[in-house]
Each structure stands twice: as structure tokens, then as C-alpha cells.
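Okay, everyone, let me put the model up on the screen. I'll walk through a few salt bridges and then two sheets.

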Amino acid sequence: MNEDLKALAREAVSASQASADPDYPLLHIVAPVGRLNDPNGLLIDGQEYHAFYQFSPFHPHRKLVYWGHVSSTDALHWQHHDPAVIPDSFYDRNGAYSGNAIVLEPGELGAAPGGGDYQLFYTGNLKDPVTDERTASQCLVTSTDLTEFTKWPDNPLIPNHPEGYTAHFRDPQVFRDPDRPGEFRMLLGVQRADETGAALLYRSTDLLNWKLEGELTFPDADGAFDRFGYMWECPGIVRLRDEATGQDWDVLIWCPQGIDPDKEGYETIFACTYIVGHLVGTEFRDCDGTFHEVDRGFEFYAPQAFARRTTEPGAVVLVGWAGSAGEDDQPSIETGGWVHALTVPRALSLRDGRLVQRPLPAVSQGAGALSVAGQELAAGEYPIAELTDSRSWYLQLETAPATGSWGLRIGSQDSHVDIRIEDGRLIVDRSTSRYTQHGARRVVTLPEGCSSRLEVLHDRSITELFLGDGDLALTLRSFVDPRTCGATLVVEDGLQLRSASARTHD
């Protein structure tokens, strides 16, 4: 390519007015201009978080996908950097697609590829300009300082898909094999030749030479995942300890496109699901075929966990894309020339085999008790004075068990999002907001044993809800009137409010 794609991206960012848009979030990762989608290469380096993401700076005029890059010391306020991966090579000239990161210990491999502790893996996308035939390859970028990024000179590492699969072969997740020290595995989402979805596993001892192990199978699932959708995207495996039993489990989180389960939920364009079991070789054992949605909201896809050094243990932390394919028609394209956001980081755990998601403590740190805390409230509306002048805030409410119908209104009477809890259900209605094209209402049955605690993080045009003690998460884009602020507590039958606290983030 003759174009300087890095310089062109810099020019687009420099000319952007996105940050002046009143809908532009303050606490979430958002592109400085253009389009953002999947989180990529997430890693924790000491006290610093680094996140990369699919970045199309020229959207909607030109589809060219880079890896954007941001960093943070508190996982809430993010600093933008130059794009880290530029689609300027013969194998990725149609896009540097999704992947993940490995953070190496000093001397872990003797001589790390490129001499860097930071290894970023991604899919190079190439399309024939005449036939439109796709070639997907798996590639490597290395860095010594997370400032300069160098493509491996012998890219691609895996130049093409294996026999029996289509060119839909992407989204590498590379991880250390906990059962075979010194070895690494790569999990890839694929489509079989019969157009059904699957995942493949590769193995390596040096992160450069990869050997195909085989397809991921589910021997105890009674065929539940044999023909589960037409393509599997963004597969990832994390190991979590169950808070109730103390047992360690492997959790497979992935996005099977084309499923339509006969059960509540799965109303998004493409689903994001998880299962719990044990990975042994290429078998995912002890899973009976039961699967669940990761997030019950309107917008959530392609989540990924942060990588870190083995000498820096900590919670497994996840970020997802608060969007989906085909949802680029949001108001922010017209008002600020940007679209989509990532969720705030969530700490993961298990409880009785179900995924638990909690916002990191930085979200609620410094929250103060509200004036309505500890009161018996009659039916009526109670504006939350502490939030009146803020459009980015955190709110936590806890009621007595078996409380009647109650909820929150975010925004004004004319343009709002309603969040209501009644009869063991969570009801979210954004039908009067400025963005309803891909769903206006969600009704979610609360998990059994879910406590009467509601946490809300609202950040201008994105809202994340957490019910109970991380039992349920729900993400939505909440484009209410940008001139309105705060929230109103709406009580229909009387309410015993045990505790209430809030923090503004403006």
C-alpha cells in the first residue's frame, strides 16, 4: 500500500468533534472517531489496564479496520493512543480483525518473539478484489513497551484455514495451558464446510509454531452443540472458582451466530453464551448441554477477559462490546461522528454453576448514602437530588424482600428509560428514548435467590444494570434527551428502602 494509514487515522482523530457530543460517554471506552466494535488484546500490566479494540476511523465512508488502543490506571478513565495494529500488510489489507494478548514473564520463553513481553494475536483479513474470496490468517504483533508495536516478520503464523472448514476462521484466544507448563493453546472460532459453527484448538511451545490439535468437542452434552448456529465468533475460556463449592471450573464464553433457543432471552441480533465444564485435551467435559446468556441486555457481544502475568494474580476481568452487527444507525453518528462503546470492566466469578458479574470497585468507590436511604416510601415519584445535575453516575439501591413494584426513570417525562422490578421480573423499557430500532423492551425473569439489590451505572448514553450480588447483568444504549440528567425513583405500591447510595462521575 502506498497510503500512510497510520497518518490518515491520526488526521481523522485530530479532526474529530466526538468528545464534544453530549452523548459521548465519560467512563466507557469509546472510539475517538468513527466506529468501534470487539474488544481486543485486553491486558493488565502492573497497575495499568490496556485495551485494544476494533477501530474503523473512517466509518461510514470507508471500511478499514485497525486496532485502537487506550489505557487507564483506574479502569474508568481512559487515555487514547495511536492505533496499535495498522492494516497495511498483504495479509491484513482488508482489516486487522479480532484477537487477544499474552503478557509474558521476563525470560518465560528464553527469547520472547520480537524481544517483547507483550504478544498480540489477531486475524488478518484479505479479500480478493475480483472474486471477493476471503483468506483469514492468524498473525502476531509484539511490543516491548506498549507504545511501539511490530508485526512479526514471518506473519502469518497460520496462513489459512484447515481442510473441512470455510474461510470464516478467526478471533484467536491464546492462553497458557494450566495443565502443561511451558505450553500455549490457541482457540479459534470457525465454520465447518457444512456451514455449522465450531471451535478449533492449536498448540505451541514458542508462540510462533502452531500445531492443530482438533475441534473442541462436548462428550457429555448429548449433541447439544453439534449443530449450534452457523458460525462461532470470539470464543474464550477462563478458569473460575465457584463461590459456593470452592471447585474450579472452565467457562467457555462465545458468540454462536444463528441460534434461536426455545427459552427466554436471546433477543439480540447475535447471542453471547457461556457453558461450564472442564477442558481436557480437546474435550469440554462435565457439561450436560445447558447454556446461558452472558448479558440479558439489548446490546452485548464479543466479550474478552484481560490477560496478565502469572506473577500478578487477581480477579478474572471481562469487557464486552455494547453493540452488535447491524446496529450502526445510532444517533451519535449524526451528532458526533462516532458509534458504539465497550462495557466497563466486570469481575467474574461462579456461584452454583452460574456466572457472576460485578462492576469493579472503582465504579462505586466514594458513593455516599442518599437522603431516601432507610425510609418507608409511599407510592409516588422521588427525584434523586444527589444526581440531578449529572449525566454520568452510579446508583445502588437495596429494598426489603418481597417489596412491591418499583423502579427508576432515567431522563425526562418525554424521553426516558424505565427500569422496573415487579413480581420477580426486571422490565426495561426504552421505547421513548432516541434509540429503539433494535428492541424497545426487555422482560427478564430474575434468577432464583437473587437479592433485592440493584446497581446502575449510567454514563450519558450507555447504561449497565447489575441485579442481586452479580446474579444478572443487562447492558443497553440509553439515548435519552441529552438535556436531561439524573434519575427518579418510582414507587407504585409502597417501598421499604433498606439502603441507597450514589456517586456522580462528571
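So, to start: which residue forms a salt bridge with R241? It's D248, and the closest N and O atoms are 2.8 Å apart. By salt bridge I mean a side-chain nitrogen of Lys or Arg within 4 Å of a carboxyl oxygen of Asp or Glu.

Quick housekeeping. This is a predicted model, so local features need pLDDT of at least 70 and side-chain atom pairs count only at pLDDT 80 or more, while totals for chains, interfaces and linings use all residues. Residues are numbered from 1 along each chain as its sequence is written, and side-chain values use heavy atoms, with hydrogens and water left out.

Back to that pair. R241 counts as exposed at 53% relative accessibility, and D248 is partly exposed at 32%. The cut-offs there: buried is under 20% relative accessible area, exposed is over 50%, and partly exposed is in between, with a 1.4 Å probe and protein chains only.

The structure holds 38 salt bridges, and I've picked a couple more. R176 pairs with E108, with the closest N and O atoms 2.9 Å apart. That one links distant parts of the chain: R176 is in strand β9, residues 165–176, E108 is in the loop between β5 (101–103) and β6 (118–127), and the two are 68 residues apart. Strands and helices here are DSSP runs numbered from the N terminus: helices are H or I with at least four residues, strands are E with at least two. R176 is partly exposed, at 21%, and E108 is partly exposed too, at 31%.

Then there's E183 with R203, where the closest N and O atoms are 2.7 Å apart. E183 sits in the loop between β9 and β10 (184–192) and R203 in β11 (residues 197–204), so the pair ties together parts that are 20 residues apart in sequence. Are these two buried or exposed? E183 is buried, at 17%, and R203 is buried as well, at 12%. They also belong to a network: salt bridges that share partners join D177, R180, E183, R185, R203 and E213.

Okay, sheets. Two strands count as paired if DSSP finds at least two bridges between them. One open sheet has five strands in the order β4-β3-β2-β1-β20, with mixed pairing. Its edge strands, each pairing on one side only, are β4 (79–85) and β20 (338–339). Helix α1, residues 5–14, packs on this sheet and touches β2 (48–56), β3 and β4; contact means heavy atoms within 4.5 Å. The direction of α1 makes about 155° with that of β4. Axes are lines fitted to C-alpha atoms, for helices over the stretch in contact, and angles run from 0 to 180 degrees between N-to-C directions.

Zooming in, β3 (residues 66–72) and β4 pair antiparallel over four bridges, and V70 stands opposite H80 in β4. Those two strands form a hairpin with six residues between them, and A75 in the turn has a positive phi of about 65°.

Last one: an open sheet of six strands, ordered β25-β34-β27-β28-β29-β30, with antiparallel pairing. The edges are β25 (380–383) and β30 (441–445), and the twist averages 15° from one strand to the next. Four bridges join β25 to β34, residues 487–491. If you want to find the register, look for E381, whose bridge partner in β34 is V490.
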